[in-house]
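Q: Hello! I would like a close look at one part of this model, followed by a walk through the parts around it.

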Amino acid sequence: MSVEFNHTIVLSRDREKSAHFLAGILGLEVGEPAGMFLPVTTANGVTLDFATVDIDIPVQHYAFLVSEDEFDAVLARLVEGGVPLQADPHGRHPRRINRNDGGRGVYFADPSGHGMEAFTRPYGSDPSSPLNGVTEDVPGAR
């Protein structure tokens, strides 16, 4: 059997709020609770198990590879929901997306402060793209 990534636990202040936020932005479903976990499963079968905890939560980063059409939908939901977005993980390019590797990418935070990312081309898939380092304004973005 080959090694496959199956699931991860996402610590949150409120598992319902965080799971429903991410599922809503990505166009996914929230599954049935399993004990302390509330699952959101991606198309390739990886499950993010959201758990409510009452501790200081270290910020984690979760990145989602999406199609161009899915990216359009994700971006529209972010803008419509008034979710602040940026072209980079450090917040130097607010209200913008990046065009790295000839694709598009966006960063945003979930309700617990985790760094979320949606992008259309894997990192390094086109290192000679003239779009590397280019950002674009997103009309209506926060």
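Does aspartate 101 count as buried or exposed? Please start there and then take me through the rest of the chain.

A: Happily! This is a predicted model, in which local features need pLDDT of at least 70 and side-chain atom pairs count only at pLDDT 80 or more, while totals for chains, interfaces and linings use all residues. Residues are numbered from 1 along each chain as its sequence is written, and side-chain values use heavy atoms, with hydrogens and water left out.

Aspartate 101 counts as buried, at 6% relative accessibility. (Buried means under 20% relative accessible area, exposed over 50% and partly exposed in between, with a 1.4 Å probe and protein chains only.) Aspartate 101 sits in the loop between strand 6 and strand 7 (105–109). (Strands are DSSP runs of E with at least two residues, helices are runs of H or I with at least four, and numbering starts from the N terminus.) The backbone here deserves a look as well: aspartate 101 is not a glycine, yet its phi is positive, about 60°. Most residues other than glycine have a negative phi.

Arginine 95 is another non-glycine residue with a positive phi, near 60°. Arginine 95 belongs to the loop between strand 5 (85–86) and strand 6 (96–98). With a relative accessible area of 40%, arginine 95 is partly exposed.

Arginine 95 leads on to glutamate 136, since the contacts of glutamate 136 are Arg95, Arg96, Ile97 and Arg99, leaving aside its neighbours within four places in sequence. (Contact means heavy atoms within 4.5 Å.) Glutamate 136 lies in strand 9 (residues 135–137) and counts as partly exposed at 32% relative accessibility. From glutamate 136 to glycine 113 there are 23 residues in sequence and 24 Å in space, C-alpha to C-alpha.

Glycine 113 brings us back to strand 7. In the hairpin of strand 7 and strand 8, with five residues between the strands, glycine 113 has a positive phi near 95°. Strand 7 and strand 8 are paired antiparallel over five bridges. (Two strands pair if DSSP finds at least two bridges between them.) Strand 8 (residues 115–119) is mostly covered, with four of its five residues buried. Strand 4 (residues 61–65) is joined to strand 8 by five bridges too, but these two run parallel. Alanine 118 of strand 8 is where the pairings come together: valine 106 stands opposite alanine 118, and phenylalanine 64 stands opposite alanine 118 as well.

Now for a sheet elsewhere in the chain. Three strands form an open sheet with mixed pairing, in the order 1-3-2. Strand 1 (7–12) and strand 2 are its edge strands, each pairing on one side only. From one strand to the next, the twist averages 30°. Helix 1 packs on this sheet and touches strand 1, strand 2 and strand 3, with its direction at about 150° to that of strand 3. (Axes are lines fitted to C-alpha atoms, for helices over the stretch in contact, and angles run from 0 to 180 degrees between N-to-C directions.)

Within the sheet, strand 2 (residues 37–41) and strand 3 (residues 47–52) run antiparallel and are joined by five bridges. Valine 40 has leucine 48 as its bridge partner in strand 3. The two strands form a hairpin with five residues between them, where glycine 45 in the turn has a positive phi of about 85°. Threonine 47 is found in strand 3 and is buried, with a relative accessible area of 15%. Not counting residues up to four places away in sequence, threonine 47 touches Asn6, His7, Thr8, Pro39, Val40 and Thr41.

Helix 1 has a further partner. Helix 1 (residues 15–26) packs against helix 2 (residues 68–80) at an angle of about 130°, their axes 7 Å apart. The two helices are therefore oblique to each other. (Angles under 35 degrees count as roughly parallel, over 145 as roughly antiparallel, 65 to 115 as roughly perpendicular and the rest as oblique.) Gly24, Ile25 and Leu26 of helix 1 meet Val74, Arg77 and Leu78 of helix 2 in this contact.

Finally, the UniProt record, an unreviewed entry, places the feature "domain: VOC" at residues 4–121. (UniProt positions are given in the numbering used here, feature names are shortened, and annotations may be inferred rather than shown by experiment.) Over residues 4–121, the chain is 21% helix and 31% strand, and the end C-alpha atoms are 20 Å apart.
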